[in-house]
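Biologist: I would like a close look at a single part of this predicted model, with enough of its surroundings to place it. Please go through that part slowly, and say how much confidence the prediction carries there.

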Amino acid sequence: MTSPRHPPARARALIRSSVAATVVIGSTLVASPAFASNRDDGDDPGAGLSTLEVLWWFVGLPLLIIAVVALLVYAPSIARGPRQRPGPSWSAGPVWFNGPTDGDVDAAIAAATPTTGGGGTSARW
């Protein structure tokens, strides 16, 4: 049971989406004088943009900026090259840190010893 101060997750999501919708609709209504059809004194809109110019300013230029930032991020790792250089292979054997001294013997002892009184996935030790 949820308390009145903490509504369930679905109710919170509904509240958040209604607040977001209210903000978007409210800001559009506040900006509605900008969509007025009458020209104001001193209003000189100038020439409009062609389709090619719109595509450049709103698609091409942002993609170019993203590509430059991505290049700046990845350039050091590209210039550094791969971490494992070709040449002699790794010559050290595998090491098990903090493991049993003799894995085969310890595994055989653990398999031969029955668990009594719980343990394992039951979490009764």
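Modeller: Confidence comes first: in this predicted model the protein chain has an average pLDDT of 77, and 63% of the residues reach at least 70. Among the elements of the chain, helix 2 has the highest mean pLDDT, 94, while helix 3, covering residues 103-112, has the lowest, 65, and helix 2 is therefore the part I take up here, given that pLDDT is the predictor's confidence in each residue. As for its setting, the chain holds three helices and zero strands, in the order α-α-α from the N terminus.

Helix 2 takes in residues 51-80, 30 residues in all, and its first and last C-alpha atoms lie 42 Å apart, which is close to the 44 Å expected at 1.5 Å a residue. Along its course there is a bend of about 45° at Tyr74, with a proline, Pro76, following within four residues. After the helix comes Gly81, a residue with a positive phi, near 90°.

The surface deserves equal care, since buried residues account for just 1% of the 125 residues in the chain, and of the roughly 11900 Å² that the chain exposes, carbon and sulfur atoms supply 66%. A nonpolar surface patch of about 1200 Å² is formed by Leu49, Val54, Leu55, Trp56, Trp57, Phe58, Val59, Leu63, Leu64, Ile66, Val68 and Leu72. One of these patch residues is Phe58, which is located in helix 2; Phe58 counts as exposed because its relative accessibility is 60%, and the cut-off for exposed is over 50%. When reading such a list, it helps to recall that an α-helix has 3.6 residues a turn, so residues three or four places apart point the same way.

Methods
Residues numbered from 1 in each chain as written. Predicted model: local features only at pLDDT ≥ 70, side-chain atom pairs only at ≥ 80, totals over all residues. Heavy atoms only, no water. Helix = DSSP H or I, 4+ residues; strand = E, 2+ residues; numbered from the N terminus. Buried < 20%, exposed > 50% of the residue type's maximum accessible area, 1.4 Å probe, protein only. Areas by Shrake-Rupley, 256 points an atom, 1.4 Å probe, with all protein chains shown as cover. Expected span 1.5 Å × (residues − 1). Bend = angle between axes of the 7 residues up to and from the residue. Patch = residues over 30% accessible without salt bridge, like charges linked within 9 Å, V, L, I, M, F, W, Y side chains within 5 Å. Salt bridge = Lys/Arg side-chain N within 4 Å of Asp/Glu carboxyl O. pLDDT = per-residue confidence, 0-100.
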